[in-house]
Amino acid sequence: MLFFDIDGTLFDHSTAEKAGALGFLRQHREIFNIPAKNFLMQWSNLTKKYYQLYLEGKLSFGEQRRARIREVYSLVGRTVTNEEADWAFQDYMTNYKQAWSAYPDVIPCLTQLQNIGLGVISNGDYQQQTDKLLHIGIRHFFSVFVTSGDVGYSKPNKRIFIEACARANKEPDRCIYVGDLIDTDFLGSTSAGMRGIWLNRQGISLPASTNIPMVKSLARLKNLLE
Ligand SMILES: [Mg+2]
């Protein structure tokens with residue numbers, strides 16, 4: 001059984017996030033009188049900060065969205081009500097969704113490897129992660145679909161990986177996991193006894209002594225598995 005991460009692995013989150021934040025900025029230009037580059041950096045940092053609190057169970061999925069918007073407004077000295085924050089988030093969401101896409105190497109890879117049995121293990125909200133995969137046309141490839149929002153543990157906790165293998169009726173050592181983050185994905189999955197593969201889309205170089213099985217593109221995955 002071959003499992004994948006979603007964001008940064010199958011789904012091009014960073015391009016969509018950038019489009020979402022720039023669209024939001026265009027719509028609220030009169031309030032945010034700051035250069036787009038700075039706004040994007042702040043947005044991305046705040047997303048990471050509040051998403052992490054969501055993954056740790058300290059905020060609900062909706063609360064992390066509001067908290068992110070509140071802090072974005074505080075950058076320009078404004079406070080917003082919950083209702084205003086929810087409306088503002090929808091402006092981001094509309095632009096973000098319009099840019100949802102799969103990386104170009106995804107569909108060929110899934111098509112090539114679907115006989116192995118495919119699944120996903122993702123840190124996120126079950127409904128939103130489902131919507132993303134339906135929207136980019138790949139939901140049907142996966143027979144097992146596990147999200148942290150659904151099971152109550154997030155990567156790198158090995159319990160989410162073990163739960164996914166159990167749902168596939170496979171021992172972890174018969175399962176492979178492919179993801180774009182070393183700590184969250186590679187170390188998490190290998191700690192559960194799976195075979196981890198790091199998808200290094202940015203071509204980051206590590207010291208030669210680091211022994212992490214790696215591909216730079218999903219087009220190389222079949223070769224590595226053979
Ligand atoms: Mg990822």
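Reader: I'd like to start with two strands, β4 and β5: in which sense do they pair, and over how many bridges?

Author: Here's the general idea. Strands of a sheet pair through backbone hydrogen bonds, and the pairing is either parallel or antiparallel. Now our case, keeping in mind that this is a predicted model. β4 and β5 pair in the parallel sense, over 4 bridges. You can pick out partners along the way: I176 stands opposite R195 in β5, and G179 stands opposite W198 in β5.

Reader: Cool. What does β1 do with β4?

Author: β1 and β4 also run parallel, over 3 bridges. For a landmark, look for F3, whose bridge partner in β4 is Y177.

Reader: What order do the strands take in the whole sheet?

Author: Read across it and you get β3-β2-β1-β4-β5-β6, an open sheet of 6 strands with parallel pairing. At the edges sit β3 (144-147) and β6 (214-215), and each of those pairs on one side only. Strand β5 (residues 195-199) reaches β6 in the parallel sense over 2 bridges. There, L199 has V215 in β6 as its bridge partner.

Reader: Are the residues on the two faces of β4 buried or exposed?

Author: Both faces are covered. On one side, I176 and V178 are buried, and on the other side Y177 and G179 are buried too. As for β5, 4 of its 5 residues are buried, so this strand is largely enclosed by the rest of the structure.

Reader: And what about a helix: which residues of α9 are buried?

Author: Helix α9 (residues 182-191) has D185, F186, G188 and S189 as its buried residues. Their cover includes α8, β4 and β5. Just after α9 you meet G193, which has a positive phi, near 95°.

Reader: How should I read a "core"? Which residues touch the most other members in the largest nonpolar one?

Author: General idea again: in soluble globular proteins, nonpolar side chains tend to be buried together. Here the largest nonpolar core has 36 residues, and the ones touching the most other members are F3, I121, F161, A164, C175, I176 and Y177. Several elements supply at least two residues each: β1 (2-4), α5 (106-113), β2 (118-122), β3, α8 (158-167), β4 (176-179) and β5. The biggest giver is α8, with 4 residues.

Reader: Let me zoom in on one of them. Which residues is I121 in contact with, leaving aside its neighbours within four places in sequence?

Author: The list is F3, D5, V146, K155, I160, F161, A164 and Y177. There's also a second, separate core of 10 residues, and W43, I69, A85 and A88 are among them.

Reader: Now let me try two single residues. Is P108 buried or exposed?

Author: P108 sits in helix α5. Count the other C-beta atoms within 10 Å of its own: 12 or fewer means exposed. P108 has 12, so it is exposed. Compare it with G23 in helix α1 (residues 13-27). G23 has 18 other C-beta atoms within 10 Å, so it is partly exposed.

Reader: How far apart in space are G23 and M194?

Author: Their C-alpha atoms are separated by 40 Å, and they are 171 residues apart along the chain. Another pair to try is P108 and R65, which are 43 residues apart in sequence and 34 Å apart in space, C-alpha to C-alpha.

Reader: Let's zoom out. Into which domains is the chain divided?

Author: Domain 1 covers 2-12 + 102-225, and domain 2 covers 13-98. Their centres, taken over C-alpha atoms, are 27 Å apart. In the contact, domain 1 puts in 9 residues and domain 2 puts in 6. The side of domain 1 that touches domain 2 has 1 nonpolar, 5 polar and 3 charged residues.

Reader: Last one: how many helices and strands does the chain have?

Author: The chain holds 10 helices and 6 strands. Its radius of gyration is 18 Å, close to the 17 Å that the globule rule gives for 226 residues, so the chain is as compact as a globular protein of that length. The C-alpha trace spans about 55 × 35 × 30 Å along its principal axes, and 34% of the 226 residues count as buried. Finally, take the contacts between residues at least 6 apart in sequence: 58% of them join residues at least 24 apart.

How values were computed:
Residues numbered from 1 in each chain as written. Predicted model: local features only at pLDDT ≥ 70, side-chain atom pairs only at ≥ 80, totals over all residues. Domains from an automatic or database assignment. Contact = placed C-beta atoms within 7 Å. Nonpolar A, V, L, I, M, F, W, Y, C, P; charged D, E, K, R; others polar. Pairing = 2+ DSSP bridges. Core = buried A, V, L, I, M, F, W, Y, C linked by C-beta atoms within 7 Å. Buried ≥ 20, exposed ≤ 12 C-beta atoms within 10 Å, placed from the backbone. Rg over C-alpha atoms; globule rule 2.2 N^0.38 Å.
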